[in-house]
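Could you walk me through this protein model in plain language? I would like a short tour with headings that I can follow while looking at the structure.

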Amino acid sequence: METKSRWAAHGGSQLVCSHASSATGTEMTFAVFLPPQAASGPCPVLWYLSGLTSTHANVMEKGEYRRAAAELGLVIVCPDTSPRGDGVADDEAYDMGQGAGFYLDATEAPWADHYRMETYVRDELPALIAENFPVDTARQAIFGHSMGGHGALTLALKNPERYRSCSAFAPIVAPIEVPWGQKALPLYLGQDQAAWRRYDACALIEDGARFDAFLVDQGDADNFLAPQLQPERLEKACLSADIELTLRMQPGYDHSYYFISTFMDDHLAWHAERLN
């Protein structure tokens, strides 16, 4: 692992690091914020998964999480959204390829060679973080935005013993039912729709997966709300499965980091309550 940059922030440190990933077969970059409490011992860790077209830098530069994370004693880790580099399959469209990994393990050519973001986020990166930073691996939580919200929800549902809490900003909750997923899932996973269901939060719930509770914020001025996000599907699935869902429709907010940064403190406090 190489530390590429480090800045002092709110009594702690904001780092950007890179390493050679065995899961993706590429160099991967991630951001990690260490609160001041990390100087005294292990702290709980909160994983943030970014959305389409993003890297680790989007939330690091615009998410405004450091002040609250420092106060609450949370380590924040922000991985990239996909493998990148020469020789890594890509697509001219923004919603496929580099920047659009969908937090899944691809099985179809040419994507299967490098696109193993589920394994990377679930297994490889946590092991690397635990080896190099003062984190309490018994206290982990996960959240994300849009495609990253999809990743957070599906990872939590498939690994409820790993994460104590899960939240999302404007998540894709049912990719099988919306254009983003209907494009990406068959290209990454093939035509067997049973494989798609492992990466669809609503389908996972329908198939028996469970998690204690979710917090979801969604702007009602989000131009992706009706065609791509459809949080009412998650609301229906959670109600049927008796999963506690706090779905907050936020008037006037869109899909941007202005929206995310506005409600970031609420999400960090919600996770900290469950982690501590």
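Here is a short tour of strands, core, two chosen residues and pockets, based on a predicted model.

## Three strands in a row

Let's start close to the beginning of the chain. Strand E1 covers residues 2-9, and it pairs with E2 in the antiparallel sense over 7 bridges. In this pairing, Ala9 stands opposite Gly12 of E2. The hairpin that E1 and E2 make has 2 residues between the strands, and His10 there takes a positive phi near 50°.

E2 also pairs with strand E3 (residues 27-34), again in the antiparallel sense, this time over 8 bridges. Here you can find Cys17 opposite Phe30 in E3. E2 and E3 form a hairpin too, with 6 residues between them, and Gly25 in the turn has a positive phi of about 70°.

Is strand E2 enclosed by the rest of the structure, or exposed? Of its 9 residues (12-20), 8 are buried, so E2 is largely enclosed by the rest of the structure.

## The nonpolar core

Now look inside. The largest nonpolar core has 98 residues, and those that touch the most other members are Phe30, Phe102, Tyr188, Phe214 and Leu268. Helix H10 (residues 257-275) gives the largest share of this core, 8 residues. You have already met Phe30 in strand E3, opposite Cys17.

Which residues does Leu268 contact, once its neighbours within four places in sequence are left aside? They are Leu46, Tyr65, Ala68, Ala69, Leu72, Leu74, Ile76 and Phe143.

## Two residues to compare

Ile129 is part of helix H3, which spans residues 117-132. With a relative accessible area of 1%, Ile129 counts as buried, because the cut-off for buried is under 20%. Not counting residues up to four places away in sequence, Ile129 touches Phe30, Trp47, Val77 and Val135. Try finding Met1 as well: Ile129 and Met1 are 128 residues apart along the chain, and their C-alpha atoms are separated by 9.8 Å.

Gly190 sits in the loop between helix H5 (179-189) and helix H6 (193-196). Is Gly190 buried or exposed? Gly190 is buried, with a relative accessible area of 8%. Apart from neighbours within four places in sequence, Gly190 is in contact with Glu108, Leu185 and Trp196. Thr246 makes a useful second point to look for: Gly190 and Thr246 are 56 residues apart in sequence and 34 Å apart in space, C-alpha to C-alpha.

## The largest pocket

The largest pocket has a volume of about 230 Å³. Its lining is made of 15 residues, with Cys202, Ala203, Glu206, Arg233 and Ala237 nearest the centre. Helix H7 (201-206) and helix H9 (231-241) are the elements that give two or more residues to this lining. H9 provides the largest share, 5 residues.

What kinds of residues line the largest pocket? By class, there are 7 nonpolar, 1 polar and 7 charged residues.

## The second largest pocket

The second largest pocket has a volume of about 150 Å³. Among the residues that line this pocket are Gly51, Leu52, Thr53, Asn58, His145, Trp180, Phe224 and Tyr257. By class, this lining has 5 nonpolar and 7 polar residues, and no charged residues.

Terms used:
Residues numbered from 1 in each chain as written. Predicted model: local features only at pLDDT ≥ 70, side-chain atom pairs only at ≥ 80, totals over all residues. Heavy atoms only, no water. 1 Å grid on protein atoms, 1.4 Å probe; cavity = no way out; pocket = protein on both sides within 12 Å on 5 of 7 lines; lining within 4 Å. Points joined across faces, edges and corners; volume = space filled by probe spheres on them. Helix = DSSP H or I, 4+ residues; strand = E, 2+ residues; numbered from the N terminus. Nonpolar A, V, L, I, M, F, W, Y, C, P; charged D, E, K, R; others polar. Buried < 20%, exposed > 50% of the residue type's maximum accessible area, 1.4 Å probe, protein only. Pairing = 2+ DSSP bridges. Core = buried A, V, L, I, M, F, W, Y, C linked by side-chain atoms within 4.5 Å. Contact = heavy atoms within 4.5 Å.
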